[in-house]
Each structure stands twice: as C-alpha cells, then as structure tokens.
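Q: I would love a close look at one part of this model, with the rest of the chain sketched in around it. Could you take me through it step by step?

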Amino acid sequence: MFLKTHKTAGSTILNLLHRYGDHNHLFFALPYKYQFNYPNSFHAHRVKGYNASSRPHYDIMCHHMRFNYAEVRKVMPPDTFYFTILRDPATMAESSFSYFRAVSSAFKKAPNFKAFISHPTRYYRQGERSNHYARNPLWFDFGFNSDAPFTEMYANAGIRAVKDTFHLVLLAEHFDESMILLKEELCWNLDDVVTFKLNSRGTSRTLERGDIERLRSWNTLDWYLYSYFNRTFWDKVEHFGREKMDIEVRKLKERRQHLAKLCLDGSGPVGAEQIKEEAIKPFQFGQEKILGWAVRKDLPPEVRTRCVRMVTPELQYKDLLDARQFPLGLNNSSVLAATSRRSVGR
C-alpha cells in the first residue's frame, strides 16, 4: 500500500507500481475515477468492486487518498507492506503553488508566490476551498488536522501513528536511494524500480534561504514530520551500508541511462504538444507545462510496449488497469472473483 502524497514524485512511484502489478497480473484496489474521493477521508466503499461480505483479495493500493488506516485495513490484507514518500515542505510549497493555484483559495488570493511566502495569513483561511494544499499538506494527506496548532506532544503523536503504520518512508530529494531501499524491502529486481520522472514541470523557482525558513515555519507540522523521517531514512541507509548504497545507486542510474537510450525519442522530457500519442501524453494542470516523454517508433513491438509502459502517465495507466480488471463492467462479479483467486495463488 503506497500513500501517494502530493507533489512528492508520487506519480513516478505510481508508474513503477502500475508496471509491476500489470506485468505480474496482480489485483489493484482502484478508485471509481482517479482518486479515492479526495480530499475526503478514505472509505472502503470507494474501492471499485469492493464488497464487505465477499471481499476480493487486493495486492496493490496506490492512488490518491486522505489516509484512514481503519478503512484501508478493511480492503488490504493483514500482511500488507505500507510505504509513502515525503518532501521538504519549502520546495513542496513552491511546486504546490504553481500546480494548485487555480483551485486553492489561499493561492488564488496571493498576487504571486513571493507575496504568499511573506504574509501567508493574509491569504489563508481555514476551511476555504482546497486550502489543504496551502498549509501542512503532508499532515493532511496522512489524515491529521493540518490546521491544528503546533505542539510537540501533538506532532509526536502524529509521528508515532505514521511510524507504527508505515514500514518505509521515502524522501523525494533522495529518490534513487529511496528506490534502492524499496527494492530491498520488496525483494524486487533492479528493473522494477527503474523509472523516468513523470508529472514534472518545465521550470521551478530557486528559493532564497529566508523563504525556505518562512515556508518551513508556516508548514511547521510538515517540517517536524519531514525532519523526523529524514533522520530515520539515513539510519536505514547506514544499516544498508553507505558503500553498498553508492554501488546500487550507480547501477540504477546506469540502467536508467541505458533504457533511456533504448526507449526515448530525444534526450529529455518534452512538452505535451510534442507527444503525438494520446496514451502517453501528460495531463495538463496548473500554471506551467507538465512534461512527458516521446517513445521511439523504430522498436520491436514487445520492446516498444515495455518502453511505452515506462512513460505512461497515471491517468492513462489507471484506465488500462481498470479495463483489465473490469473488462465487462463493474457488475461482472465472476470476472472479479476469478481475477482475485488468480492473484491469491500467484
């Protein structure tokens, strides 16, 4: 179970989970649309095909939700491996402002990002539309009260809840090391965690030191959470072995470079207008262009299919998985049951 937080490289992790489950014929807990009724708290009945009286066996749950452990446990097996990813709230805020400005009341009111950084309380009001993106969004995604006043007792209680539930907490700033730790935990192969960055922007602002401090202060709960799991992350790296980690990361980068030369048309991500295939064209949202990847046309069919899967954005891949799991629609219970039984016996 992957808790996909916002603006933390979660879309890239979603792709590797989609690919792994697709390749191994695993059964996904899918939302009816593209999110589990976010920003409302997750409820089991939001899973497509879920039936409390005859529950299918689910292997992977990974789409956006506001976490609710009691309800997730109704869907996922008792031995489920839980993981998530965090990002420094300062750089996360810069990305969120660009991406969610059209929907967040606080972001819309601010004339620009600098103005928001300087006086966030001038624009932010609790309870206004989509303001969970504007303050402590990580805390919110974990199901906590993002507007609660900071106290160490309250923050530590939240950290304990995360620590007791999630087996691994990754860091967006150290994505390659994160992938190696994930590979180790899940006993996967290197190719399972090779990715091309998805849902990325063409540009980003460089924050001044003072702006970073102000944003961390404004997102105090997120900063406290991030700081704690930053320490535990490097404890895991030390336990894994620094030298061993360096070797594994180098192998990962070399393999990514090899697959990029094999698969991609061009050396880097491109704008959606340059991608002719709708199946791999990134969804455009927010102020800035969301980039994607063009795949070479001169590849053998099997190779090209694999390459296309590596760059398929989350919305299109979710639709592919949905069509596989529900080929005759939601009411085809016999197909659902058969697919679930195959998954259990993998």
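Leaving aside its neighbours within four places in sequence, which residues is Glu94 in contact with?

A: Happy to walk through it; please keep in mind that this is a predicted model. Once its neighbours within four places in sequence are set aside, Glu94 is in contact with Phe113, Arg201, Ser204, Arg205 and Leu207. Glu94 itself sits in helix 3, which covers residues 89-100. The relative accessible area of Glu94 is 3%, and buried means under 20%, so Glu94 counts as buried.

One of those partners, Phe113, leads us on to helix 5, since that helix runs over residues 113-118. Ala115 is found in helix 5 too. With 16% relative accessibility, Ala115 is also on the buried side of the cut-off. For a sense of distance, take Ala115 and Ser227: they are 112 residues apart in sequence, and their C-alpha atoms are 26 Å apart in space.

Ser227 falls within the residue range of helix 11, residues 220-240, and that helix deserves a visit of its own. Trp223 and Tyr226 both belong to helix 11, where they are 3 residues apart, about one turn of the helix. Between these two residues lies Tyr224, which is in helix 11 as well. Tyr224 has a relative accessible area of 24%, making it partly exposed. Beyond its neighbours within four places in sequence, Tyr224 is in contact with Phe150, Glu152, Ala155, Asn156 and Ile159. Tyr224 and Trp139 are 85 residues apart along the chain, yet 10.0 Å separates their C-alpha atoms.

Trp139 brings us to the aromatic residues. Together with Phe67, Tyr69, Tyr82, Phe142, Phe144, Tyr154 and Phe166, Trp139 forms one aromatic cluster. Counting ring pairs whose centres lie within 6.5 Å, the total is 29 aromatic pairs. Take Phe67 and Tyr69 as an example: their ring centres are 6.1 Å apart and their planes meet at 25°, so this pair is stacked. The two partners differ in exposure, as Phe67 is buried with a relative accessible area of 8%, whereas Tyr69 is partly exposed at 33%. Back in helix 11, the rings of Trp223 and Tyr226 have centres 5.8 Å apart and planes at 20°, so they are stacked as well. Here Trp223 is partly exposed, with 28% relative accessibility, while Tyr226 is buried at 7%.

Now let us step back to the whole chain. It contains 15 helices and 7 strands. A compact globule of 346 residues would have a radius of gyration near 20 Å, and the chain agrees with that at 20 Å. Its C-alpha trace spans about 55 × 50 × 40 Å along the principal axes. Of the 346 residues, 54% count as buried, and Glu94 is one of the buried residues. If we look at contacts between residues at least 6 apart in sequence, 73% of them join residues at least 24 apart.

The surface and the charges complete the tour. The chain exposes about 16,400 Å², of which carbon and sulfur atoms supply 50%. It carries 51 positive and 38 negative charges, and the mean positions of the two sets are 5 Å apart.

Note on methods
Residues are numbered from 1 along each chain as its sequence is written. This is a predicted model: local features need pLDDT of at least 70, side-chain atom pairs count only at pLDDT 80 or more; totals for chains, interfaces and linings use all residues. Side-chain values use heavy atoms; hydrogens and water are left out. Helices (H or I, at least four residues) and strands (E, at least two) are DSSP runs, numbered from the N terminus. Buried means under 20% relative accessible area, exposed over 50%, partly exposed in between (1.4 Å probe, protein chains only). The radius of gyration is taken over C-alpha atoms; the globule rule is 2.2 Å times the number of residues to the power 0.38. Contact means heavy atoms within 4.5 Å. Accessible areas come from the Shrake-Rupley method with a 1.4 Å probe; for residues, only the protein chains shown count as cover. Lys and Arg count as positive and Asp and Glu as negative; His and the chain ends are not counted. The place of a charge is taken as NZ of Lys, CZ of Arg, CG of Asp or CD of Glu. Rings of Phe, Tyr and Trp (its six-membered ring) pair if their centres lie within 6.5 Å; planes under 30 degrees apart count as stacked, over 60 as edge-to-face and the rest as tilted.
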